[in-house]
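I set out to look up the nonpolar packing, the cysteines and the charged pairs, and I kept these entries as I went.

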Amino acid sequence: MIDIVGILSANLLYVLLITIGGTLVSFSVHFVPVGGAPAAMAQAPGIGTGTVQLAAGAGLTGLITAGTVLGLTNSIAIVLASGAVGAMLMIGSTMIIGQMVYVFGVGVPPAGGKSKYDPITKDQQDIYSSQGTEGHALPTASYISGIIGGGLGGLGGSLVYYSLVNVTNNIGMTDLAGLAGIFAVGIFFINAVIPSYNIGGTTEGFHDPKFKKWYRAVISSIIATFMCAIIGVLAIGGL
Amino acid sequence: MDPLLGMGVLALMGAAATIAGATEDLESDVGSQSNPNSQVQLAPQMMHPHRIYNKAISGEPPSNALMCAIGGTIASVMMSAYGLSVVFAITFGAAIAAVIHGTYAASSFMGRVSSQKRFKQPLYLDIVRSHTPVIIGYAFLTTFFILVISYLMSSVLNHPFPLPLLAFIWGITVGAIGSSTGDVHYGAEREYQNVEFGSGINAANSGDIVRHGESGLRNGIDNAWFCSKFGGPVTGIAFGMTVFLSGWVTTVFNPGESITMGWLSVIAGLLIVAILIIGNRIIETWARSTYGPYQEEESEEVTA
């Protein structure tokens with residue numbers, strides 16, 4: 001019989017850290033500029049894919065980097081920072097190549113649709129939008145927003161993984177790393193999906209009006225991740 | 001590990017990732033998966049029946065993750081339980097995964113087109129016969145090279161994650177990158193070559209995709225031919241960059257040596273990110289100055 005209360009009380013800190021990590025992932029997704037199918041046709045600004053797809057791709061790359069570093073050092077700060085950097089590198093590489101496809105392959109200049117001027121460069125946006133579109137590609141504000149989103153997502157995913165690996169248990173490191181990795185991926189996906197109800201397919205990043213709804217997703221994520229954290233800690237701690 | 005050996009392995013992983021990225025994008029172009037599929041699906045409803053393969057098994061990341069996880073699991077079992085050689089296990093795993101992907105592709109195509117009978121969209125069996133093997137071929141290459149990367153990471157670089165989990169995550173990543181980069185070349189350029197290059201695609205044109213090929217009627221293989229000139233290779237570069245750069249920072253500055261090296265690896269990563277931001281800005285300003293605005297500034301501001 002598993003000592004549920006004992007395992008949870010011994011690992012309460014990790015339950016809280018997993019909850020914080022999952023919530024960070026949820027918050028991070030709001031920064032990622034995605035335009036879904038309209039962006040794939042250059043009819044809306046942002047990356048031409050889905051919210052969950054890109055956020056998960058970036059965050060999980062960060063998780064791989066964090067996994068590498070956790071095998072080398074025990075410093076939590078370096079593990080988390082490496083996870084964030086890994087995710088930022090993935091999303092940065094993807095966005096710059098995506099930008100090249102828009103500019104050189106499709107022949108359209110970057111233009112946002114949610115504000116007349118780019119909040120960072122102050123460049124005018126509306127005159128660069130082609131007729132019948134909301135804009136296209138990635139203006140600087142969206143690009144930087146994506147980098148922030150990738151970084152926060154990688155940070156959150158790494159925090160979840162770090163916490164799960166450190167739960168008190170009796171299994172070997174090889175099995176533990178695999179199990180913690182699977183739970184971390186699951187918790188990541190749950191928290192990447194929840195904000196997509198706020199975003200509804202397209203967002204340009206932190207300057208998009210939809211960004212203001214972040215707290216709704218964050219509250220939902222705190223509840224969902226807390227439950228996932230209890231199950232994850234019990235599953236790993238009970239072995 | 002010897003840093004030079006680590007760099008060599010990383011270079012090999014980067015090369016494998018570049019091929020995996022390119023084949024992933026071309027696989028999605030042949031079958032018209034992911035976001036541009038919306039136009040292929042919409043075209044018959046706009047009275048434009050076509051001969052383009054129409055599969056959307058799921059978003060690209062989950063379908064590639066499934067494929068790579070199947071391949072990784074089979075390869076892992078064959079190596080650990082039966083003691084087979086790495087090359088054989090990875091090849092066999094990738095082959096099984098590709099065939100499973102082919103069954104999803106064929107059933108997805110037939111299901112989707114059958115549902116469009118009311119819009120007079122024919123189900124071309126020659127398209128199923130000619131395109132499905134190409135899809136399986138590209139899926140095999142993608143899975144094979146993802147498994148090569150995952151195997152090198154888990155056995156040579158001693159990554160703590162097991163092979164199938166690494167394959168799953170890299171499958172998600174390659175799908176996310178293919179969907180974000182190369183697919184735009186297919187969706188925004190190839191499907192709409194009937195509008196002037198660079199003129200943008202008016203939302204009112206949705207579903208009005210090009211159906212005539214360079215010779216005869218256009219099909220999915222024609223699309224892969226076009227996208228292999230730009231969309232596919234740049235997807236490969238994006239995935240290669242991701243695999244190489246995310247490994248490079250921890251290989252050159254090994255966090256296992258000291259805390260300082262760990263922070264140096266983080267700083268090196270942040271510097272690369274800063275260079276990418278500057279690069280993006282350079283492309284943005286170049287595009288704006290070269291292409292110019294679509295409309296002049298509003299005259300009210302002048303007269304006011």
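I began with the largest nonpolar core (a set of buried Ala, Val, Leu, Ile, Met, Phe, Trp, Tyr and Cys residues joined through side-chain atoms within 4.5 Å), and of its 124 residues I found that A:Y161 and B:F239 touch the most other members. For burial I used a 1.4 Å probe on protein chains only, with buried meaning under 20% relative accessible area, exposed over 50% and partly exposed in between. Helix α5 of chain A (residues 76-106) gives the most to this core, with 17 residues; helices here are DSSP runs of H or I, at least four residues, numbered from the N terminus.

This is a predicted model, in which local features need pLDDT of at least 70 and side-chain atom pairs count only at pLDDT 80 or more, while totals for chains, interfaces and linings use all residues. Residues are numbered from 1 along each chain as its sequence is written, chains are lettered from A in the order in which they are written, and side-chain values use heavy atoms, with hydrogens and water left out.

I then listed the contacts (heavy atoms within 4.5 Å) of B:F239 beyond four places in sequence, and they include B:A17, B:I146, B:W170 and B:I177. Apart from the core of B:F239 lies another, of 10 residues, with B:Y53, B:A105, B:V128 and B:I135 among them.

Next I searched for disulfides (cysteine sulfur atoms within 2.5 Å) and found 0 over all chains. A:C228 counts as buried because its relative accessibility is 19%, and B:C227 likewise counts as buried, at 0%.

For salt bridges I took a side-chain nitrogen of Lys or Arg within 4 Å of a carboxyl oxygen of Asp or Glu, and the structure holds 7 of them over all chains. A:K114 and A:D208 meet at 2.9 Å, N to O, and this pair links parts of the chain that are 94 residues apart. I noted that A:K114 is partly exposed at 33%, whereas A:D208 is buried at 2%.

In chain B, the side chains of B:R51 and B:D126 form a salt bridge at 2.8 Å. B:R51 lies in the loop between α2 and α3 and B:D126 in helix α5, so the pair ties together parts that are 75 residues apart in sequence.

My last entry concerns B:R288 and B:E284, whose salt bridge spans 3.9 Å, N to O. Both residues are buried, and salt bridges with shared partners join them with A:D123 and B:R281 into one network.

Notes: Helices (H or I, at least four residues) and strands (E, at least two) are DSSP runs, numbered from the N terminus.
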